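Me: Could you walk me through this one, question by question? I'd like the cut-offs along the way.

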There are 2 protein chains.
Amino acid sequence: MLYSEERKNKIHAYVEKHKRASVQHLCDAFNVSESTIRRDLSELEQDHLLRRTHGGAIAFESVNFEPTVTEKADRFQKEKQIIATRAASYIQEGDTILIDAGTTTLPLIYEIKHFSSLTVVTNSVVHSELLKDSPQIEVVVPGGRLRHETQALVGPITDQTLSLLHVDKAFIGTNGIDLSDGLTTPNLIEASTKRTMISQSSEVIVLADHSKFEKVTFAKFGDIDDIDRFITDEQVDQSFVSEFHQRGVKLDIVLLQED
Amino acid sequence: MLYSEERKNKIHAYVEKHKRASVQHLCDAFNVSESTIRRDLSELEQDHLLRRTHGGAIAFESVNFEPTVTEKADRFQKEKQIIATRAASYIQEGDTILIDAGTTTLPLIYEIKHFSSLTVVTNSVVHSELLKDSPQIEVVVPGGRLRHETQALVGPITDQTLSLLHVDKAFIGTNGIDLSDGLTTPNLIEASTKRTMISQSSEVIVLADHSKFEKVTFAKFGDIDDIDRFITDEQVDQSFVSEFHQRGVKLDIVLLQED
DNA sequence: CTGAATGTGATTGATTATGATTATAATAGA
DNA sequence: TCTATTATAATCATAATCAATCACATTCAG
């Protein structure tokens with residue numbers, strides 16, 4: 001006869017391994033009543049060791065990996081790739097660049113790995129982790145609090161550290177670009193960090209796929225004037241083209257080749 | 001007739017070996033009353049040597065996790081796992097803890113994911129990346145320059161930011177522990193960061209597998225006196241035991257079970 | 001020797017783990 | 001959609017186990 005703690009350990013291990021388990025199967029496996037299994041499962045759920053479902057339980061990661069991050073990364077992935085490739089063409093050997101967190105700038109990481117000398121400042125734990133095995137690239141992380149929603153480091157620590165640095169080029173992502181409301185992002189703290197990034201760079205390059213056009217989200221972090229170069233993937237409205245031209249923003253449109 | 005300390009040692013050894021023991025069985029085995037066994041078990045539990053259950057006790061079990069490629073290359077992986085499991089038993093819900101970069105502290109990340117409230121400060125891009133999908137854990141990264149050799153963030157930015165923070169417990173790894181030369185690491189800048197970490201924590205817990213004993217590397221970052229608790233995986237030399245005891249360092253030895 | 005400290009076993013009311021039961025909720029199939 | 005089926009939470013009873021307490025014995029220091 002197992003102790004309840006042992007049984008719970010085994011249930012946890014089982015669910016981790018098989019990613020799922022039914023109440024019925026666990027009853028048979030441990031030869032206890034459904035009540036007992038249900039109690040075990042709710043306690044394990046309380047400890048964040050698995051997630052209950054109707055009829056059983058599933059492993060925690062399978063729900064954690066599912067939602068925003070992966071899904072978001074998958075949208076317009078090809079577009080983001082070609083935008084990043086174009087962006088990389090503006091980077092020169094020996095540059096000090098800043099790469100914003102977010103899925104739009106992520107492909108840029110793969111494009112810069114071949115440089116033999118580069119200093120990269122990034123507030124993304126994902127971006128920096130990907131550069132950990134590229135010793136020729138000097139990586140500087142401005143610290144801060146990790147926002148799980150975007151996997152970016154943000155907050156006063158980030159801003160303060162960033163303000164001590166200066167970079168040649170900053171590659172910034174955005175959630176919305178609008179002629180009257182400028183550059184916006186849903187989070188106030190993140191906006192503050194992006195604003196700091198813009199102020200610390202000689203050249204500001206904004207990356208955005210076509211879905212971001214004429215979108216306005218909560219917090220503004222920059223004006224059209226702040227941008228030096230804007231890279232996107234689809235023919236944009238004439239109003240943007242002329243306004244960008246008038247305000248001295250260079251516009252790069254990279255078209256996706258359909259197969 | 002055994003003395004209580006002898007009996008407790010044997011109970012501990014028994015539980016480590018068989019992974020479990022019932023109060024009844026221990027009563028028969030040692031020919032003492034249930035009260036006595038229960039008292040022993042409570043004391044052993046207080047010393048983090050086993051976990052009590054209703055009806056008996058079980059050994060500490062580590063969560064099973066699939067090591068990543070990078071981790072597989074590492075030596076003494078099992079030892080580091082059990083050391084981390086022990087270390088995790090000192091973490092309480094709501095704590096603010098600091099986790100040093102390095103392969104020794106890495107398994108600790110898997111042990112803390114189920115906490116429902118925890119603030120974790122870490123200077124490792126790998127550690128923080130692994131916590132990116134655990135929203136209940138507040139992650140703070142003190143920034144800095146990425147050292148590719150250890151995948152740690154180090155340097156003046158790191159030290160300066162760390163000095164603004166204070167944590168309840170710091171879990172620190174080391175490359176060498178020696179009675180006369182204290183705690184050492186091969187890199188001067190990394191030593192400085194570790195030194196800062198120690199100074200910013202109420203309690204300093206050092207994790208080191210047996211290979212680190214009597215090793216001295218280039219840069220010293222702490223004295224024996226700086227340590228509050230030392231967790232390792234093998235019977236250590238008597239000189240260490242007595243010196244630690246004399247200097248008020250609590251010593252945890254976690255033995256690996258050979259199958 | 002005395003008196004405090006410690007270790008132990010017995011007792012008892014409290015707590016815990018479990019399975020059965022039942023009303024409610026969620027799901028699947030027509 | 002509605003209905004039949006299945007899963008669930010909530011409750012209860014019961015048996016095992018536990019914590020708390022006390023009494024007794026042993027050890028040790030003054």
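Me: Before we start, is A:Leu188 buried or exposed?
Reply: Buried means under 20% relative accessible area, exposed over 50%, and partly exposed in between (1.4 Å probe, protein chains only). A:Leu188 has a relative accessible area of 54%, so the label for A:Leu188 is exposed.

Me: And what are the ground rules for the numbers?
Reply: This is a predicted model, where local features need pLDDT of at least 70 and side-chain atom pairs count only at pLDDT 80 or more, while totals for chains, interfaces and linings use all residues. Residues are numbered from 1 along each chain as its sequence is written, chains are lettered from A and ligands numbered from 1 in the order in which they are written, and side-chain values use heavy atoms, with hydrogens and water left out.

Me: Which helix holds A:Leu188?
Reply: Helices here are DSSP runs (H or I, at least four residues), as strands are (E, at least two), numbered from the N terminus. A:Leu188 sits in chain A, in the run covering residues 188–199, and that is helix H10.

Me: Which residues of chain B touch DNA strand C through a phosphate oxygen or a base nitrogen?
Reply: At a phosphate oxygen of DNA strand C, a polar backbone atom of B:Ser33 is 2.8 Å away. For a base nitrogen of that strand, the partner is a polar side-chain atom at 2.9 Å, from B:Arg39.

Me: Which elements give two or more residues to the surface near DNA strand C?
Reply: Near means that a heavy atom of the residue lies within 4 Å of the strand. Chain A gives helix H1 (4–18) and helix H3 (34–46), and chain B likewise gives helix H1 (4–18) and helix H3 (34–46).

Me: Is B:Arg7 buried or exposed, and what does its side chain contact?
Reply: B:Arg7 is in helix H1 of chain B. With 8% relative accessibility, B:Arg7 counts as buried. A polar contact is a pair of N or O atoms within 3.5 Å; within protein, one must be able to donate a hydrogen and the other to accept it, and residues adjacent in sequence count only if both atoms are side-chain atoms. At 2.6 Å, the side chain of B:Arg7 has such a contact with the side chain of B:Asp40.

Me: How far apart are the C-alpha atoms of A:Ala152 and A:Ser180?
Reply: A:Ala152 belongs to strand S8 (residues 152–154) of chain A and is buried at 1% relative accessibility. Along the chain, A:Ala152 and A:Ser180 are 28 residues apart, and their C-alpha atoms are separated by 27 Å.
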